[in-house]
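This report describes side-chain contacts, surface properties and backbone geometry. The structure under discussion is shown first.

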Amino acid sequence: MSSAIVLRPPTCASATTTTAATIVSAKTTFSGLLAAPGFHRNRTCTTICCSMDGGGAMPAVHIGGFLSKKRYDPPLWASHLRPVPSHTFSLGHLPTPIHRWNLPNLPEDTELWIKRDDLSGMQLSGNKVRKLEFLMADAVASGADCVITVGGIQSNHCRATAVAARYLNLDCYLILRTSKVLADRDPGLIGNLLVERLVGAHIDLVSKEEYAKIGSVSLADLLKKKLMDQGRKPYVIPVGGSNSLGTWGYIEAIREVEQQIHNSCGEFQFDDIVHAFSVCDDPTYFYNFVQGLIDGLEAGFDSHDIIDIQDVKGLGYAMNTAEELRFVKDVAAATGVVLDPVYSGKAAYGMLRDMTANPTKWKKRKVLFVHTGGLFGLYDKVEQMTSLVGNWQKLEIDESIPRKDGTGKMF
């Protein structure tokens, strides 16, 4: 699923139950809400969109809270979930800001806001850092000296994991899925690969065909066994960091949004029901995936009751039509917000398309769109986007303009 989520109650009510949202995988950004009984507050009817101690390693020296290990206390409304993590590492620059997003052609009286998880720090790691704060704390607590994770060749999660591991003095091993013809070649330095290789991640390539037959879990286990035979202590992080422990990252994100709403003194308010846009597989797959996360936290309810998943996969995961890329370009030109082509770009595209087709549904709603990051993915689309951004020319300088060698300085 992608990063776009619509939070909308079935009916407008003055009292609603606070919930916690979850990012579920590198392929499904915002995936669901975890119900929290017993926590209520009055607010207006609105809509939210977002596109689903003691280890051997020590973090770098830090000043203040960044990179520090902290005891974790969950929000009161999530304290019934199990198991509750004991600690986190402070890896992100949080809270991320919320501001008005003046997209053109919004339905009448629709108010759109954006939460900028693309500005979460850690080399533009986006929403991935939230889950890694919990996962890396568990890795260090378990005594790991390295981490293993799996993803696509331009995986934002893998890049974020590589950076987080280096911050905490852990080695990082990445299993990256690519095409069959490229699995035996140097993967290059485009986009996320450049950052991963700069921070010293070890990269193992696997073809999409082999990946489909073996699966991410077995591939990670194979590498884990190899490293253990070498005397290493690996910790496996699943694709996208998407397990019940990683879910706590977006339980915290919902607490963060609640605090921002409280501090806004009524400037904005949002609802608690998520509508998510899937960018791969299909809604059935993600309903089941989210259910696994819910069950892993002993939350005790059905994923279909808390989330509506819509399909915006289009041509396929990480594949874009010219229209989708033009939309990303037009949004950047109109608002200054750069969307990634894999998650938030498709999510916002799907949201605006639904707004155009069903303007009455969106009229007078307040919408929060969560930008989950992924800027480096655009570098993989350079050839496709070149024709969309041809706004350049050589500066014309008349011959009458005085010229003298040495006049121009750098500053």
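## Basis and overall composition

Helices (H or I, at least four residues) and strands (E, at least two) are DSSP runs, numbered from the N terminus. The model is predicted: local features require pLDDT of at least 70, side-chain atom pairs count only at pLDDT 80 or more, and totals for chains, interfaces and linings use all residues. Residues are numbered from 1 along each chain as its sequence is written, and side-chain values use heavy atoms, with hydrogens and water left out.

The protein contains 11 helices and 13 strands. Of its 411 residues, 53% are buried, where buried means under 20% relative accessible area, exposed over 50% and partly exposed in between (1.4 Å probe, protein chains only). The accessible surface comes to about 19000 Å², and carbon and sulfur atoms account for 54% of this area. Accessible areas come from the Shrake-Rupley method with a 1.4 Å probe; for residues, only the protein chains shown count as cover.

## Aromatic and charge–ring contacts

A search of the whole structure yields 11 aromatic pairs. In one of them, the ring centres of Tyr285 and Phe286 are 4.9 Å apart and the planes meet at 85°, so the arrangement is edge-to-face. Rings of Phe, Tyr and Trp (its six-membered ring) pair if their centres lie within 6.5 Å; planes under 30 degrees apart count as stacked, over 60 as edge-to-face and the rest as tilted. Tyr285 is partly exposed at 38% relative accessible area, whereas Phe286 is buried at 0%. Ring pairs also connect Tyr72, Phe134 and Trp248 into a cluster.

Arginine side chains lie over tyrosine rings at two sites given here: Arg130 over the face of Tyr250, 5.4 Å from the ring centre, and the charged end of Arg177 over Tyr211, 4.7 Å from its centre. The criterion is that NZ of Lys or CZ of Arg is within 6 Å of the ring centre and within 35 degrees of the ring normal.

## Cysteines

Zero disulfides are found in the whole structure, a disulfide being a pair of cysteine sulfur atoms within 2.5 Å. Why does Cys146 form no such bond? The closest cysteine sulfur, in Cys172, is 9.0 Å from that of Cys146, which is too far for a bond. Cys146 is buried, with 0% relative accessible area, while Cys265 is exposed at 73%.

## Nonpolar surface patch

Leu124, Val338 and Leu375 make a nonpolar surface patch of about 200 Å². Patches consist of residues with over 30% relative accessible area and no salt bridge, with like charges joined within 9 Å and nonpolar side chains (Val, Leu, Ile, Met, Phe, Trp, Tyr) within 5 Å. A salt bridge is a side-chain nitrogen of Lys or Arg within 4 Å of a carboxyl oxygen of Asp or Glu. Leu375 is partly exposed at 32% and lies in the loop between strand 13 (366–371) and helix 11 (382–385).

## Loops and backbone geometry

Asn102 occupies the loop between strand 5 (98–100) and strand 6 (111–116) and is exposed at 56%. Its C-alpha is 9.6 Å from that of Ile114, with the two positions 12 residues apart in sequence numbering.

The Arg82 to Pro83 peptide bond is cis, with omega near -5°; Pro83 lies in the loop between strand 3 (69–71) and strand 4 (87–89). Leu94 and Pro95 are likewise joined by a cis peptide bond, with omega about 5°, and Pro95 is in the loop between strand 4 and strand 5.

Positive phi values occur in the non-glycine residues Leu67, near 70°, and Glu298, near 55°. Leu67 is buried at 5%, whereas Glu298 is exposed at 56%.
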